[in-house]
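Q: Could you take a close look at one helix pairing in this model for me, and then work outward from there to the rest of the chain?

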Amino acid sequence: EAVALLRSVIGDRTASTEVKAWAITELLNNVRAARISGHTQYLRTLATTNPELVRAISSTLPQTYISEGNSEQAVSEWDRNIQAYPNSVLECDGVYGKFFVALYRDHDLTQAASLFSRLDSRYPDAHQTQLTEAQLNVAQAARNGLGKRNEENEAGNAIPSKYLLEQNYPN
C-alpha cells in the first residue's frame, strides 16, 4: 500500500529532509484521493519527533484539515504559519488559505477583500495574489447581479433571426 510505503520513507533515518518532505506531500495526496481521514494526528506526532520536518508538515497540515472538513483548524494552522514564517511562502499560502475560507465557506466578501489587499501589498507577484484577485472579482460580480442570466443577452437573441439555424434549415 502506498500509504505504508510513504510512512516508511518518512520514518527512515537515512532519508534526507527533502525526501521526507516529498513523502509527506505524497502521503497527503494519497490519503485525500482515497478519502482516508485521521492523518492530522500522525503529522502532529511526526512534527514533535522530527523537528527537521516541522516546516514541511506546517505547509501541508492546513490542507489536510480542509480535506477532512475541519476548516476552523485549518485557519488556526494558517494563522500559526503566518506568525511563525513571516515573509515566506508559508505566510503567503496562509493568507490565501484564509481568503479561500472567507470567500467560499463564510461568504464574507469584506474579509476576503481585506485578505486580498494583504496579499497584494506583501506578495504582488505571487500566483496566489493573481488567483485571489480573479476569485474576488467573480464573487463581487455575482453579488452585484452581473452573473445572473439575462434573457436580453442570451446567444439566441443576439443572432439576427435570418441567420438562425431554424430559419435556414431546409425541411
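A: Sure. Let's start with H3 and H4, which are roughly antiparallel to each other, because their angle of about 165° is over the 145 degrees where that class begins. This is a predicted model, so read every value here as computed from predicted coordinates. The axes of H3 and H4 sit 10 Å apart, and the crossing is left-handed.

Who does the touching? On the H3 side you have Thr40, Leu43, Arg44, Leu46 and Ala47, and they meet Val54, Ile57, Thr60, Leu61, Thr64 and Tyr65 in H4. By class, that contact is made up of seven nonpolar, three polar and one charged residues.

Ile57 is a handy residue to follow out of this pair. If you skip residues up to four places away in sequence, Ile57 touches Ile24, Leu43, Leu46 and Ala47. Several of those names come back in the largest nonpolar core, which has 20 residues: Ile10, Ile24, Leu43, Leu46 and Ile57 are the ones touching the most other members. Helices H1 (2-11), H2 (17-33), H3 (39-49), H4 (54-67) and H5 (71-84) each put at least two residues into this core.

From H4 you can step on to H5 by way of Ala74, which lies in that helix. Ala74 counts as buried because its relative accessibility is 0%. Leaving out neighbours within four places in sequence, Ala74 is in contact with Pro62, Tyr65 and Ile66. Its C-alpha atom is also 7.4 Å from that of Leu61, a residue 13 positions away along the chain. Leu61 and Tyr65 are both on the H4 side of the H3 contact as well.

Past H5 comes a loop leading to H6, and Asn87 lies in it. Asn87 isn't a glycine, yet its phi is positive, near 60°. With 61% relative accessibility, Asn87 counts as exposed.

Now for the other core. Apart from the one above lies another, of 16 residues, with Val95, Phe116, Leu119 and Tyr123 among them. In this part of the chain there is a second helix pair to set beside the one we started with: H6 (residues 89-105) and H8 (residues 127-143), whose axes come within 10 Å and cross at roughly 10°. That angle makes H6 roughly parallel to H8, whereas H3 and H4 are roughly antiparallel. The crossing of H6 with H8 is left-handed, and so is the crossing of H3 with H4.

In the H6 and H8 contact, Cys92, Asp93, Tyr96, Phe99, Leu103 and Tyr104 in H6 meet Gln128, Leu131, Thr132, Gln135, Leu136 and Ala139 in H8. Those residues split into eight nonpolar, three polar and one charged.

Gln128 is worth zooming in on here. This H8 residue counts as buried because its relative accessibility is 7%. Setting aside neighbours within four places in sequence, Gln128 is in contact with Cys92, Asp93, Tyr96 and Leu119. Cys92, Asp93 and Tyr96 belong to the H6 side of the pair, while Leu119 is a member of the 16-residue core.

H7 (residues 109-122) gives you Leu115 to look at. Leu115 is buried, with a relative accessible area of 5%. Outside its neighbours within four places in sequence, Leu115 contacts Val95, Lys98, Phe99 and Ala102. For Ala102, which is 13 residues from Leu115 along the chain, the C-alpha separation is 8.8 Å.

Between H6 and H7 there's a loop where you'll find His107. His107 is another residue that has a positive phi without being a glycine, about 55° this time. His107 is exposed, at 62% relative accessible area.

Zooming out to the whole chain: the secondary structure comes to ten helices and zero strands. Of the 171 residues, 36% count as buried. If you take contacts with a separation of 6 or more, 48% of them are between residues 24 or more positions apart.

Conventions. Residues numbered from 1 in each chain as written. Predicted model: local features only at pLDDT ≥ 70, side-chain atom pairs only at ≥ 80, totals over all residues. Heavy atoms only, no water. Axes fitted to C-alpha atoms, helices over the stretch in contact; angles between N-to-C directions. Helix = DSSP H or I, 4+ residues; strand = E, 2+ residues; numbered from the N terminus. Parallel < 35°, antiparallel > 145°, perpendicular 65-115°, else oblique. Left-handed = near helix turned anticlockwise from the far one by under 90°. Contact = heavy atoms within 4.5 Å. Nonpolar A, V, L, I, M, F, W, Y, C, P; charged D, E, K, R; others polar. Core = buried A, V, L, I, M, F, W, Y, C linked by side-chain atoms within 4.5 Å. Buried < 20%, exposed > 50% of the residue type's maximum accessible area, 1.4 Å probe, protein only.
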